[in-house]
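Trainee: I am new to this structure. Please take me through one part of it slowly, and then show me what lies around that part.

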Amino acid sequence: MHLAPKHAVFLSDLAERRPAFKQRSLLGEEIQREFALGVTRGSKILYAEQDYGRAAKILQEQGITGLRPETASRRDREGFGALSEKFRARAVSKDFVAVRPASAGVFLEGRELVVPAEGFLTVRLDTVLAARASTLLLVENLESFVRVGLQHWLGVPPGTLAIWRGGTLHSPAAVNRLLEQSTRPVWAWFDFDPAGLEMASRLPRLAHLVVPSELEIERLDRARHGNGSRFAEQLKQSAGTLEHCEHPEVCKAWQRLKRLGRAYAQELVTV
């Protein structure tokens with residue numbers, strides 16, 4: 001997918017105007033599919049707090065600022081055309097995913113996969129499917145993903161391959177195809193919030209959900225890192241799915257999160 005001016009305008013509208021929903025459209029569905037923004041409900045695509053922040057982050061990563069919202073005039077929209085070459089040059093790699101070993105024993109094309117302590121590789125989807133790995137660890141945020149090899153508290157099995165859920169230059173759609181085509185068990189490490197739990201509940205072959213310990217929650221609360229408003233905003237979108245979730249680990253985490261009434265960003269969790 002090329003991040004054309006129309007995509008930038010759409011993302012800018014999400015980040016600046018923060019609509020609770022948009023009517024379904026081809027553009028909205030394209031954005032949803034490629035960047036995992038919003039959830040379809042009937043004739044609408046619903047958006048929550050994490051979607052606004054993600055849209056802003058996508059634009060920031062592209063170095064795009066000052067775009068006007070979707071309600072801009074035709075003349076304004078045409079003015080964005082000069083940016084199109086930049087968008088094309090930094091298009092999402094739809095057939096590639098970002099990977100790194102979460103533990104020793106991952107082999108790619110016959111060689112053990114080794115990357116820098118805080119690095120990763122961008123690899124074609126079919127190459128990842130052919131890798132020798134026992135488990136897939138899906139990580140939501142890039143900051144946590146690049147440091148996953150240093151997070152020994154995760155307790156992942158030997159031969160675990162970490163995969164970034166995706167963003168501007170790595171399409172979440174490619175990750176979804178990888179999960180659908182693979183047969184390996186999946187571990188999920190997402191934000192500890194309603195949206196993160198909802199994403200985990202939808203994963204195929206979910207074998208384990210990584211959540212912060214009780215001691216870590218106490219530390220985060222003392223540092224005032226729990227976010228009540230974010231929890232409340234996401235609750236509107238995710239509660240329906242989570243109340244009917246049947247996965248035991250997700251159900252347990254959901255009951256715990258409801259008692260806490262706060263959302264916790266993944267990158268702040270250390271144990």
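Mentor: What follows is a walk through one sheet, one of its residues, and then some other parts.

This is a predicted model, where local features need pLDDT of at least 70, side-chain atom pairs count only at pLDDT 80 or more, and totals for chains, interfaces and linings use all residues. Residues are numbered from 1 along each chain as its sequence is written, and side-chain values use heavy atoms, with hydrogens and water left out.

Start with the sheet. It is open, has 6 strands and runs in the order β7-β4-β9-β8-β10-β11. Its pairing is mixed. Strands here are DSSP runs of E with at least two residues, helices are runs of H or I with at least four, and both are numbered from the N terminus. Two strands pair if DSSP finds at least two bridges between them. β7 (121–124) and β11 are the edge strands. Each has a single partner strand, so one side of each is left without a neighbour in the sheet. Direction ignored, neighbouring strands are turned by 35° against each other on average.

Now look at β10 (residues 186–189). Val186 and Ala188 point one way, Trp187 and Trp189 point the other way, and all are buried. Buried means under 20% relative accessible area, exposed means over 50%, and partly exposed is in between (1.4 Å probe, protein chains only). β10 pairs with β8 in the parallel sense over 4 bridges. There, Ala188 stands opposite Leu138. β10 also runs parallel to β11 (residues 206–209), joined by 3 bridges. Val186 faces Leu206 in β11, and the bridge partner of Trp187 is His208.

Zoom in on Thr135. It sits in β8 (residues 135–139). At 4% relative accessibility, Thr135 counts as buried. Contact means heavy atoms within 4.5 Å. Not counting residues up to four places away in sequence, Thr135 touches Pro157, Gly159, Thr160, Leu161, Pro185 and Trp187. Trp187 is thus a residue to revisit, as it belongs to β10. The C-alpha atoms of Thr135 and Ala162 are separated by 8.5 Å, with their positions 27 residues apart along the chain. The side chains of Thr135 and Ser134 make a polar contact of 3.3 Å. A polar contact is a pair of N or O atoms within 3.5 Å; within protein, one must be able to donate a hydrogen and the other to accept it, and residues adjacent in sequence count only if both atoms are side-chain atoms.

Another threonine is Thr127, in helix α6 (residues 125–129). Thr127 is buried, with a relative accessible area of 19%. Leaving aside neighbours within four places in sequence, Thr127 is in contact with Leu108 and Glu109.

Next, a helix pair. The axes of α9 (residues 194–201) and α12 (residues 248–260) come within 10 Å and cross at roughly 170°. That makes α9 roughly antiparallel to α12. Pro194, Leu197, Ala200 and Ser201 in α9 meet Val250, Ala253, Trp254 and Leu257 in α12. Axes are lines fitted to C-alpha atoms, for helices over the stretch in contact, and angles run from 0 to 180 degrees between N-to-C directions. Angles under 35 degrees count as roughly parallel, over 145 as roughly antiparallel, 65 to 115 as roughly perpendicular and the rest as oblique.
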